[in-house]
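Here are my notes on the model you sent round, set out as numbered points. Please read them with the coordinates open.

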Amino acid sequence: MQLLEERILRDGKVYPGNVLKVSGFLNHLIDEHLLDEIGKEISARFCEQNVTKIMTIEASGIAIACAAAHYMHTPVLFAKKSKTANVSADCYSADVVSYTHNNTSTVIVDKEFLLPEDRVLIVDDFLANGAAIRGLRSLIEQAGATLVGCAIAIEKGFQKGGEELRAEGVRIESLAIVESMTDDSLTFRHQN
Ligand code: 5GP
């Protein structure tokens, strides 16, 4: 998606540990116009899939999920990071290793909100090693629901998540795939 790639080149910042900061337009200060265009693009790619629910993890995926949900006319269910060790029997739960915080958190969703008949699209801001998607996929499987695919704003193509998940048969649509990045250069993978 050209608009997103141009914005990454203009305002993205590369930090140690292969972290790309997009705080100035996507996940801290949010450019609403760009967000809306991202939502439209995600909807265009998955509109034939009869999606009934969009899922993401708090916090940075929520805005993008809502932008897509606006065009797809679906609710957004975000997995919450559980603050207590004891997870209630009313919840599905999964452990997720956080790429940026370097810790593991348990994420939960209320069983009431994820149903066997749901057709779920996962939406997130980044795909790196795939832990967030795997955690969400686990919640979807626990509910007996169907994973339709994943829509990601920015995939870091030099990390293993995208390749592994695609090899497992998961449909991943990334609006921008960063092929390589250093302090002073960033390249994108050309997509058809
Ligand atoms: P994964 O679980 O695929 O390893 O990492 C994806 C999650 O980690 C996303 O939910 C995102 O919030 C965070 N993340 C991974 N890499 C980056 C990055 O380079 N920049 C930012 N801002 N977040 C990232």
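1. Which distance separates an oxygen atom of the ligand from a polar backbone atom of A132? In this model, which is predicted rather than experimental, that distance is 2.8 Å.

2. The backbone of two further residues also deserves inspection. A polar backbone atom of G130 is 2.7 Å from an oxygen atom of the ligand, and for A131 a backbone N or O atom lies 3.1 Å from a ligand oxygen atom. With the protein in place, 89% of the 500 Å² of accessible area that the ligand has on its own is covered.

3. Around the ligand there are 17 residues, of which L20, D124, N129, G130 and K156 come nearest; G130 in this group is also the residue whose polar backbone atom was placed 2.7 Å from a ligand oxygen atom.

4. Turning to the packing, the largest nonpolar core comprises 33 residues, and L4, I42 and I154 are those with the most contacts inside it. Two or more residues are given to this core by each of α1 (2–11), α2 (32–46), α3 (62–72), β7 (119–127), β8 (146–156), β9 (172–181) and β10 (186–188), with α3 supplying the largest share, 6 residues.

5. For L4, leaving aside residues up to four places away in sequence, the residues touched are F25, L34, I38, A153, I154, L175 and A176; I154, in this list, is itself among the residues with the most contacts inside the largest core.

6. A second core, separate from the one above, has 24 residues, including A79, Y92, A145 and L165.

Conventions. Residues are numbered from 1 along each chain as its sequence is written. This is a predicted model: local features need pLDDT of at least 70, side-chain atom pairs count only at pLDDT 80 or more; totals for chains, interfaces and linings use all residues. Side-chain values use heavy atoms; hydrogens and water are left out. A nonpolar core is a set of buried Ala, Val, Leu, Ile, Met, Phe, Trp, Tyr and Cys residues joined through side-chain atoms within 4.5 Å. Buried means under 20% relative accessible area, exposed over 50%, partly exposed in between (1.4 Å probe, protein chains only). Helices (H or I, at least four residues) and strands (E, at least two) are DSSP runs, numbered from the N terminus. Contact means heavy atoms within 4.5 Å. A residue is near a molecule or strand if one of its heavy atoms lies within 4 Å of it. A polar contact is a pair of N or O atoms within 3.5 Å; within protein, one must be able to donate a hydrogen and the other to accept it, and residues adjacent in sequence count only if both atoms are side-chain atoms. Accessible areas come from the Shrake-Rupley method with a 1.4 Å probe; for residues, only the protein chains shown count as cover.
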